[in-house]
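Me: I would like to go through this model step by step. Please reason briefly and finish each reply on what I asked for.

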Amino acid sequence: MTAFGITPKSFKLLDELAANNNREWYHQHKEELREQLLDPFAEILEAVSAKLKNAKRPFAGSKQTMFRLYRDTRFSNDKRPYKEHVGGLLTPSGNKKEDTALMYAHLSPDGGFIASGFYRLETKELNKIRDRIIEDAKTFRAITRKITKAGYEFSEIEPLKSMPRGYAQYADHEHVNFLKMKSLIVSQNQAKQAWIDGSIVKELVKLHKATIDLMLFGLEAIGKKS
């Protein structure tokens with residue numbers, strides 16, 4: 001049974017794209033990619049948005065918050081013209097240009113993953129979150145424990161090897177590992193079946209519930225209150 005149109009054929013299509021990542025194959029299968037992957041993915045984002053409509057900080061996504069399959073190869077040594085996965089955002093504004101608190105869904109041949117938090121913030125904004133972690137260590141401790149208790153872990157994405165500039169005196173702080181992070185992201189791998197049976201919607205809603213306090217903590221630090 002499939003809930004949104006993602007089927008085993010959808011994953012096979014991604015495998016075929018990876019094996020034939022060229023413009024000729026893409027244009028021959030463009031409509032199939034839309035029907036089997038892009039349209040169902042948009043429906044999933046919209047279903048999650050509806051579930052989060054009454055949350056204390058709603059997040060929304062749609063076709064407009066999805067990333068295009070086309071790759072920008074101008075400044076890359078990797079000249080493959082197309083991405084071999086489907087990705088899209090849910091944000092407080094429902095706008096893809098949102099650059100603070102994000103939720104992200106990633107559909108790939110192996111199933112993919114979902115993620116939530118703050119990704120590669122500008123140093124000025126990141127330092128505001130770092131300052132609040134230091135000033136309100138107790139609240140941040142409760143937030144991270146809630147996330148861990150819910151079964152999630154923080155992803156260590158390109159963490160700094162040493163303390164960030166201006167924070168050397170906090171090398172012994174209880175949250176030192178978080179102070180070294182350039183992204184505060186919680187992620188979880190997903191099986192193919194979650195996309196096929198539609199339970200990916202429930203998983204994204206659960207992730208939102210587990211991480212909303214983290215995102216509100218960061219948004220308030222940056223000065224973007226709900």
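Me: Which residues of β2 are buried on one side, and which on the other?
Reply: This is a predicted model. In β2, seven of the seven residues are buried, and both faces of the strand are covered. One side holds Ala101, Met103, Ala105 and Leu107, and the other holds Leu102, Tyr104 and His106.

Me: In what order do the strands of the open sheet stand?
Reply: Strands of a sheet pair through backbone hydrogen bonds, either parallel or antiparallel. Here the pairing is antiparallel. β1 (86–90) and β4 (153–155) each have a single partner strand, so they stand at the edges. The five strands have the order β1-β2-β3-β5-β4.

Me: Which residue is the bridge partner of methionine 103 in β3?
Reply: β2 and β3 pair in the antiparallel sense over six bridges. They form a hairpin with five residues between them, and glycine 111 in the turn has a positive phi of about 120°. Across this pairing, the bridge partner of methionine 103 is serine 116.

Me: Where in β5 is the bridge partner of phenylalanine 118?
Reply: Strand β3 (residues 113–118) and strand β5 (residues 184–189) run antiparallel and are joined by six bridges. Phenylalanine 118 has its bridge partner in β5 at leucine 184.

Me: Which helix gives the largest share of the largest nonpolar core?
Reply: The largest nonpolar core has 63 residues, and Leu107 and Trp195 have the most contacts inside it. Of this core, 13 residues come from one helix, the largest share. That helix covers residues 200–222 and is α7.

Me: What angle does the direction of α7 make with that of β3?
Reply: Helix α7 packs on the sheet, touching β1, β2, β3, β4 and β5. The angle between the direction of α7 and that of β3 is about 15°.

Me: Why are the buried residues of α4 on the same side of the helix?
Reply: The buried residues of α4 (residues 137–149) are Ala137, Phe140, Ile143, Thr144 and Ile147. They pack against α3 (123–135), β4, α5 (176–179), β5 and α7. These buried residues lie on the same side of α4 because they cover an arc around the axis of only 125°.

Me: Which residues are exposed on the other side of α4?
Reply: Exposed here means over 50% relative accessible area. On the side of α4 opposite its buried residues, the exposed residues are Lys138, Arg145 and Lys149.

Me: Which glycine follows α4?
Reply: Helix α4 has 13 residues and reaches 18 Å from its first C-alpha to its last. The glycine after α4 has a positive phi, near 95°, and is glycine 151.

Terms used
Residues numbered from 1 in each chain as written. Predicted model: local features only at pLDDT ≥ 70, side-chain atom pairs only at ≥ 80, totals over all residues. Heavy atoms only, no water. Core = buried A, V, L, I, M, F, W, Y, C linked by side-chain atoms within 4.5 Å. Buried < 20%, exposed > 50% of the residue type's maximum accessible area, 1.4 Å probe, protein only. Helix = DSSP H or I, 4+ residues; strand = E, 2+ residues; numbered from the N terminus. Pairing = 2+ DSSP bridges. Contact = heavy atoms within 4.5 Å. Axes fitted to C-alpha atoms, helices over the stretch in contact; angles between N-to-C directions. Expected span 1.5 Å × (residues − 1). Arc of directions from axis to C-beta.
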